Amino acid sequence: MAENSLLGKLDGLVSRFEEVGTLITDPAVIADMKRFVKLNKEYRDLEKIVGARSEYVKVLNGIEEAKALLESEQDPEMREMAREELDACNERIPALEEEIKLLLVPADPQDDKNAIVEIRGGTGGDEAALFAGDLYRMYVKYCELKGWKISVSSFSEGSSGGFKEIIFTVSGEKVYGTLKYESGVHRVQRVPETESGGRIHTSTMTVAIMPEVDDVEVQIDPKDYKFDVFRASGNGGQCVNTTDSAVRLTHFPSGIVISCQDEKSQLKNKDKALKILRARLYDLEQQKQHDEMAELRKSQVGTGDRSEKIRTYNFPQGRVTDHRIKLTLYKLDAIMNGDLDEIIDSLIAADQAAKLSSMQEEA
């Protein structure tokens, strides 16, 4: 029976849950921070599955008991109660099985992390920079609705406004797992403020979403980078602009150069720069793995290919289209004001469905 097959998978996970529960109390494991953090995350994930399994077993037992009662009981009232119990349990089974299957889909271990977001103007010159600024404001509003905190690390303003580039960190619950679907090329079609003839222009900008990783996960040898300090520029206030608080980090092996000038403290700017470097190095490794698995991921929702055109914002028609899941919404104004839930929830659902389908094909 299908339920016995599902229970077989769950029984193996119960054994692992008990094993992990023992391991996280072992002093040797606690002393190994990297392993301890990983096992704690696994324990929390398995706890949800074990809880769902318990309910599943309870419902299956309820079905067997109700069937047995219907076969043996002669009292009409008792038979009616048994029939109602049987119907209720049978009705619960499909939703519970779907819930369990989704829980069995391997979760991205980075989903719970904060995210580092980079927005860069692409083709389109001044208009690309202007819309990069609009995208930044869209994400700020979305994060405010979620109760997340934003901290800007660095930015380069466009000549007519907006940003040639802006980098910021988003902190909160399951930030990366929510925002990672925003990675890719965003395209805008509208009449630019700089256009006097009323012609519609098409511009692009790139959004990169990276998990914030710590030094336990990505270790960087201090010999591999150097810091230079300089005086911050832009709207930073008198204190920022009159002290050498801004920093430039150069990482020799990768050639990555990062500037941070948002904080008044040189030490805080150095800390931010190192966090961005760790995220970028981790992202480079993830991109390498992504490229190696490109064929395997063809059927899945893209979550990391920087060259993939993922979304179009068409202002004349007031629509936003996400090309990965062929979703079109005619509420551009609301979306630009941070109403992204419908798009992101649809992307998460599509990604889970693709992963679930892939698991079933491999089974």
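Begin by selecting I119, L135, F168 and Y313, which touch the most other members of the largest nonpolar core, a group of 38 residues; such a core is a set of buried Ala, Val, Leu, Ile, Met, Phe, Trp, Tyr and Cys residues joined through side-chain atoms within 4.5 Å, where buried means under 20% relative accessible area with a 1.4 Å probe and protein chains only. Colour α5 (126-146) next, since the largest share of this core, 10 residues, comes from α5. Apart from this core lies another, of 27 residues, including L7, L23, Y56 and I100.

The model is predicted, so local features need pLDDT of at least 70 and side-chain atom pairs count only at pLDDT 80 or more, while totals for chains, interfaces and linings use all residues. Residues are numbered from 1 along each chain as its sequence is written, and side-chain values use heavy atoms, with hydrogens and water left out.

Return to Y313 and show its surroundings: leaving aside neighbours within four places in sequence, Y313 is in contact (heavy atoms within 4.5 Å) with residues including F131, L135, M138 and H186.

Which residues lie nearest the centre of the largest pocket? Select K41, D45, A107, D108 and P109, which do so among the 39 residues of its lining. Helix α3 (33-72) supplies the largest share of that lining, 11 residues.

Finally, select C89, which is buried with a relative accessible area of 7%, and C143, also buried, at 2%. The structure holds 0 disulfides, a disulfide being a pair of cysteine sulfur atoms within 2.5 Å.

Definitions and conventions
1 Å grid on protein atoms, 1.4 Å probe; cavity = no way out; pocket = protein on both sides within 12 Å on 5 of 7 lines; lining within 4 Å. Helix = DSSP H or I, 4+ residues; strand = E, 2+ residues; numbered from the N terminus. Buried < 20%, exposed > 50% of the residue type's maximum accessible area, 1.4 Å probe, protein only.
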